[in-house]
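Here's a quick briefing to read alongside the sequence and the model. Have both open, and we'll go topic by topic.

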Amino acid sequence: MEYKKNLLAASILSAFASVPVFAQESGQSAEETEVIEVRGIRSSIINALNVKRADIKIVDGISADDIGKLPNDNIAEAIQRIPGVQITRSQGRGGQIAVRGLDPRLARTTVNGQTFAAAGFDGFNFGFVESEVASSINVYKSPTADLDEGGLAGVVNIETASALDFDERRVIISVDGIYGDLDKEVDPRLSATFADKFLDDKLGVLFNVVSEDVNTRFDAIWIQSPRLVDTNGDGEDNAVRLSKTRSRIERYEADGLTFNLALDYKVNDQLTLGLKGIKAENVGVNSIANLRPDFNTGDNIVDSKVEPASVDGAKDTIFATEADNVQLWNLPVYRTDDMKTYAYTADMEWTDGTWTVSSALHSSKGESFQNNQFFIFNFNVDHLAADMTSSGAGDTNDLSFVSSQAVNDPNTWSANARPDAVNSISLGANQPKGTELEENAFQIDVDRMFDNGILSSVEFGVKYRNEKSERTRTRVTHDAALVAQVMPDFTEVSQNAATNFLGGNRPNGWPAHWLTVDLPRLLDMVLTPEVRATRQETEFRGDIFSAERDIYAAYAMANFEGEIGEMPFRANLGVRHIRTEQTSNAPVVQGDQDVNFDSDYNNTLPSFSFSLDINDDWVTRFSASQVLIRPKLAASNFNRTVRQVEDPSAGTTDYTIVEGNPNLEPQLADAFDATLEYYYGDGNAVYTSVFYKDVTDAVGTRSVCPSTFDLATGALSEASGVCMDSAGNTFDISQTYNSPEGNTYKGIEFGVTHNFENGFGVVFNTTYLEADSGEQDPITGEDLPPINLSKNTYNFIGYYETDDFAIRAAYNYRSSFLASLGGFLGVQQRDSRGQLDISSSYNVNDNLTLSLRALNVTGEPDVDYSGVPERFQQLGYGGRTYYLGARYEF
């Protein structure tokens, strides 16, 4: 077979040939040179298909050329183009990814096959990794015994460049200017890369540094703390009033710095030593402006636009309310964020052609420290009206918010101008919080090759991992009377929160801007030496924990090659055994005692993969495996995440609490995959796959209202429709648990890649997925899918390129999905969303390349609703982002 002759060379070269910074230039045979002759966008597609076809596993990948040329500002934005991969955004930017529609926490992500600890996030956050550190990314959708367990949805591995891959010295400088149409600032981004060989080409050194100023803004409107009310006077609550709406503008400013180092030393033809390291740091500030009315505090309340419930026993929904003498909160927040992460891996490989022995020693740690400070300016307005009516399908134009006092007038918030309107002006408690994640690991792998017979090789190995997670939190207060004495009038520290709230997505009847305060200046004025002397710091005991886990793993795998008739096949059969030992510690909220919990469990995971070359063009694959994912250390202990909003005028507090569970069991799944792939021409393919996963002990969250609770005053009760104690404090409590129903996922993927030999080309892939969480929507009665699952997703990419010019447009679509489960309105759905990104580049000469990229060209927002699209829940917008860059190679 012609393909069989070139397959190995193509698959090996695919990891390096498309790297725009370090393309290979010498040392290949004529046959190998033909494989990588085409460069640019088309070459990256060819390389991805070569990897897909050569690997026995079901895998899809993306090369450095893709990451450099796809319109993206981080790896997550690029990797979402891979079939079956979906993205969840944080403040409008690519954050976590979900493989085949499963929760992002169910996909295991590694860097060079090892854990990359990113503190401050539940799972791996791709937004913390710069695209320059990656040479390729592969998504393994069917696990084998040699892969680390923990990827129920799949294993995502980011490979960084090896220093021995390049034939001559490389020095590259890249400069970008980044402009967001909401914050309207140009932020610089600088990348520098050096690679060379020394000591007669035995020592390779690669160093990369990326410095970036980040300025992002995310605007949002959402409904907060709806309340049950009696609208017909029969003494029973029959409707839900959307009593509090919150408008928010969140600005994030940070300095980011990332280092990437690779050292490789080829001792001789048999032995190679390596050291790779990544270190990243973000130091930033979140400035948040909140505007929130509370209709429950008003007089002469008039409700309108009532939507009857569609399920017996559910409550009607009131979409429009107006009232007199309504409390209006201006709640500015100032939060500093300091996040650091490193990962270092020392590895060794020895081979004599028959035996290969490799080992790795790895250490990674992530640290996050947040300091949260807020003020409360609480005033009454004479009359307020809000209408949260949505016509569905993401249409929010009719939402309105009308105040008798202008929210952009300093006198509305001035205690001197309106002393009778003041409910409270106070300094909120400061809440410093620190989080640490750490993993240390050692592994050794052995591969024995065979020249004759159907058994081509056997592999076996062992690995030890030690995971640690710790969180600390304190509560800092100052003497309230002294603070009140030095508190300036709002007019002395006021500033505009924004001038174009929500950009072009602002509802017709919503304020374009409102006033907030200059928080750093206000803190300087309020925290006088006398006030600082009254500082009191106490443990926030409900949000403190530590946990540690030891994982011992051993595997064995046999690889086979042969023919069925005249059709070549490859197969492997393996088993991985793991023992997990865990201990956790957390203090109870009341009292000084701690709670300790120990657990251990053993799991044996079999796997089988089979690949058959039907002919030169057709390939089919099948895999069956059992996969496992452990609960996150932050969830599998007694800790609580507690968020509280105090109402000084009422003397009450609204608590939002997420509780961990030390009894959580690992999730197990029986997984089956099958594919049929057709390859034609150079870089063209049509492929489809079906998959099925039957998950037991699925981890979910549920809302509870226990009768006794240590943060409550007296007993808790839901008699009013809200979980509330005897003092009027409200509690929204969520608990993590193993669902007895489990989850079943089944889906189909389809993709087409075609180039037209005239510079034009297209890439299309789509995934359809069905799953049942065992939960039902209390409003509609319909069965609910698992959280973060979209039934339909697709990517469409069109491109055109010549030797000097390239342009690519990429459209990514994701259908609606369940964003959260439980709460006062039942469920929160994220509406379907599509995003168009465009990138282009021009080679001025052999050294200089200019590029222009645009993200979210059409300015798409995020829209949430409750149960049905007419029940509006949230509107969020992160704006468009533009990149103008230049890259120069010396």
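Which residues have the most contacts inside the largest nonpolar core? They are Phe375, Met388, Trp514 and Leu522, in a core of 48 residues. Keep in mind that this is a predicted model. The chain has 890 residues, 54% of them counted as buried, and it holds nine helices and 47 strands.

**Confidence**

- The average pLDDT for the chain is 82, with 86% of the residues scoring at least 70.
- Residues 1–38 are a stretch to treat separately: pLDDT stays under 50 there, and the model gives them 69 contacts beyond four places in sequence.
- Residues 66–71 also have pLDDT below 50, and the model shows 29 contacts for this stretch beyond near neighbours in sequence.

**The cores**

- Back to that 48-residue core: at least two residues each come from strand 10 (203–224), strand 14 (271–294), strand 16 (316–351), strand 17 (355–387), helix 7 (490–493), strand 23 (515–517), helix 8 (519–526) and strand 46 (872–877).
- Strand 17 gives the largest share of this core, with six residues.
- Leaving aside residues up to four places away in sequence, Leu522 touches Phe375, Phe377, Met487, Pro488, Val493 and Val517.
- Another core, of 31 residues, lies apart from this one and includes Val139, Ala343, Ile629 and Leu769.

**Strand 47 and its partners**

- Strand 47 covers residues 881–889, and its two faces differ in cover. Thr881, Tyr883, Gly885, Arg887 and Glu889 make up the covered face, while Tyr882, Leu884, Ala886 and Tyr888 sit on the uncovered one.
- Nine bridges pair strand 47 with strand 8 (residues 170–180) in the antiparallel sense, and Ile173 has Tyr888 of strand 47 as its bridge partner.
- Strand 44 (residues 848–855) also runs antiparallel to strand 47, joined to it by eight bridges. Here Ser851 stands opposite Gly885 of strand 47.

**The five-stranded open sheet**

- This open sheet has mixed pairing and the strand order 1-6-7-4-5.
- Strand 1 (59–63) and strand 5 (114–115) are at the edges; each has a single partner strand, so one side of each lacks a neighbour in the sheet.
- Strand 4 (residues 107–111) and strand 7 (residues 154–159) run parallel, with five bridges between them. One pairing to look up is Thr109, whose bridge partner in strand 7 is Val156.

**Helix 3**

- Helix 3 (residues 41–54) spans 20 Å from its first C-alpha to its last, close to the 20 Å expected for its 14 residues at 1.5 Å a residue.
- Helix 3 is mostly covered, with 13 of its 14 residues buried.

**Pro83, a loop residue**

- Pro83 is in the loop between helix 5 (75–79) and strand 2 (85–90).
- Is Pro83 buried or exposed? Pro83 counts as buried because its relative accessible area is 7%, and the cut-off is under 20%.
- Not counting residues up to four places away in sequence, Pro83 touches Asp60, Lys141, Tyr687, Glu749, Asn765 and Thr767.
- The C-alpha atoms of Pro83 and Gly751 are 7.3 Å apart, although 668 residues separate them along the chain.

**Whole-chain numbers**

- Among contacts with a separation of 6 or more, 72% are between residues 24 or more positions apart.
- The accessible surface of the chain is about 35,400 Å², and carbon and sulfur atoms account for 51% of it.

Key
Residues are numbered from 1 along each chain as its sequence is written. This is a predicted model: local features need pLDDT of at least 70, side-chain atom pairs count only at pLDDT 80 or more; totals for chains, interfaces and linings use all residues. Side-chain values use heavy atoms; hydrogens and water are left out. pLDDT is the predictor's confidence in each residue, from 0 to 100. Contact means heavy atoms within 4.5 Å. A nonpolar core is a set of buried Ala, Val, Leu, Ile, Met, Phe, Trp, Tyr and Cys residues joined through side-chain atoms within 4.5 Å. Buried means under 20% relative accessible area, exposed over 50%, partly exposed in between (1.4 Å probe, protein chains only). Helices (H or I, at least four residues) and strands (E, at least two) are DSSP runs, numbered from the N terminus. Two strands pair if DSSP finds at least two bridges between them. Accessible areas come from the Shrake-Rupley method with a 1.4 Å probe; for residues, only the protein chains shown count as cover. The expected span of a helix is 1.5 Å times one less than its number of residues.
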